[in-house]
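Let's take a friendly tour of a protein model. Have the 3D view open so you can follow along.

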Amino acid sequence: MLRNALRLYCKGSLTVYCCPVMTRQKQTCHVLENKRTYSSAMSERKKFYQDVSISHGEGGVFEINLDRRKLKTPGGKLFTVPNEALAVAVATEWDVQRDTLKFYTMHMTTLCNTALDNPTQRNKDQMIAAALKYLETDTICYRVEEPPGLVQLQKTEWDPVMDWIEKRYNVVIGSSSNIMGPTIPEETKDTFRQHLASFNFWALTGLEFVITQLKSVILSFGLIDRHLIVEKAVQLSRLEEEFQIHHWGNVEWAHEYDLQELRSRTAAGVLFVHLSSESATMKRKLLQDLEFPQPRKPWN
């Protein structure tokens with residue numbers, strides 16, 4: 001599943017906000033308050049370096065060097081990551097850039113910037129609360145009453161995932177065709193709250209990003225637990241849209257672009273979660289198994 005995630009992530013050059021884990025309302029407020037700080041990270045810039053390298057920093061962290069100059073975040077902090085695997089992923093993003101730096105294609109760098117700068121100044125409890133909000137409006141909890149074809153499609157495609165997560169976590173979620181959605185039991189929320197608390201801050205940053213892409217906690221857990229692959233999770237999150245496109249057609253290239261964009265962003269988030277939370281041994285093996293693209297220059 002992670003090999004698949006990496007392939008999808010590397011396949012696209014797709015737009016993300018510099019602070020991707022916020023809701024649309026919070027994104028708007030943040031951009032207005034910090035426009036000068038982050039505007040440059042959402043644009044293109046002429047490439048100003050030749051070599052990319054990784055070095056050890058104090059406290060066991062890893063730093064990214066551009067022509068031996070240390071990379072910094074949009075907020076002015078020294079750019080450091082907690083392990084070598086994540087450093088390789090970020091360094092590769094910078095190394096594969098051509099004449100123009102396309103910051104909006106650099107998902108790993110963006111997620112690291114978000115974790116380091118924490119522009120909304122949230123703690124883990126606040127991030128968990130924000131993620132659980134999506135459970136109340138989860139994509140696969142909302143069912144239609146018509147047309148019959150879509151009703152059956154939702155049942156066929158979504159019910160197995162719902163059955164899996166309820167058994168996996170021993171919870172009750174349910175679904176509803178009511179506009180208010182199902183009533184999620186407090187016991188279920190407590191179970192997911194405890195599970196989310198087991199992730200570190202960096203992994204939570206990536207997981208919340210995935211949740212916002214799919215508008216679904218259930219599908220996101222399916223990805224992180226390796227029950228679903230990225231293509232399947234994205235397809236399930238767009239089930240109604242794909243049904244309508246099948247019947248009415250699509251706007252030539254636009255549909256395919258949106259689909260690849262969502263896949264790329266989702267894959268990047270999943271990879272970020274695993275690289276932020278796996279053991280060091282597993283991280284090295286993961287990168288070897290994924291055959292991650294190597295930089296043109298050897299690391300220092």
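What follows looks at one helix and then at some aromatic rings. Keep in mind that this is a predicted model.

**Helix α9**

Start with α9, which covers residues 201-214. At 1.5 Å a residue, its 14 residues should span 20 Å, and the end C-alpha atoms are indeed 20 Å apart, so the two values agree. Is this helix out in the open or enclosed? Of its 14 residues, 13 are buried, so α9 is largely enclosed by the rest of the structure.

Now check the ends. At the N-terminal end, Asn200 acts as a cap: one of its side-chain oxygens lies 3.1 Å from the backbone nitrogen of Trp202. After the helix comes Lys215, which has a positive phi, near 55 degrees.

**Aromatic pairs**

There are seven aromatic pairs in the model. Here are two of them, both with planes over 60 degrees apart, so they count as edge-to-face:

| Pair | Distance of centres | Angle of planes |
|---|---|---|
| Trp94 and Phe103 | 6.1 Å | 70 degrees |
| Tyr169 and Phe192 | 5.5 Å | 75 degrees |

Tyr169 sits in the loop between α7 and α8, while Phe192 belongs to helix α8, so their pair ties together parts that are 23 residues apart in sequence. With 9% relative accessibility, Tyr169 counts as buried, and so does Phe192 at 0%. Tyr169 has another neighbour: Arg168 lies over the face of its ring, 4.5 Å from the ring centre.

Back to the other pair: Trp94 is buried at 4% relative accessibility, and Phe103 is buried at 14%. Ring pairs also link Trp94 and Phe103 with Phe48 and Tyr49 into a cluster.

Key: Residues numbered from 1 in each chain as written. Predicted model: local features only at pLDDT ≥ 70, side-chain atom pairs only at ≥ 80, totals over all residues. Heavy atoms only, no water. Helix = DSSP H or I, 4+ residues; strand = E, 2+ residues; numbered from the N terminus. Expected span 1.5 Å × (residues − 1). Buried < 20%, exposed > 50% of the residue type's maximum accessible area, 1.4 Å probe, protein only. Polar contact = N/O pair within 3.5 Å; in protein donor to acceptor, adjacent residues only side chain to side chain. Phe/Tyr/Trp six-rings, centres within 6.5 Å; stacked < 30°, edge-to-face > 60°. Lys NZ or Arg CZ within 6 Å of the ring centre and 35° of its normal.
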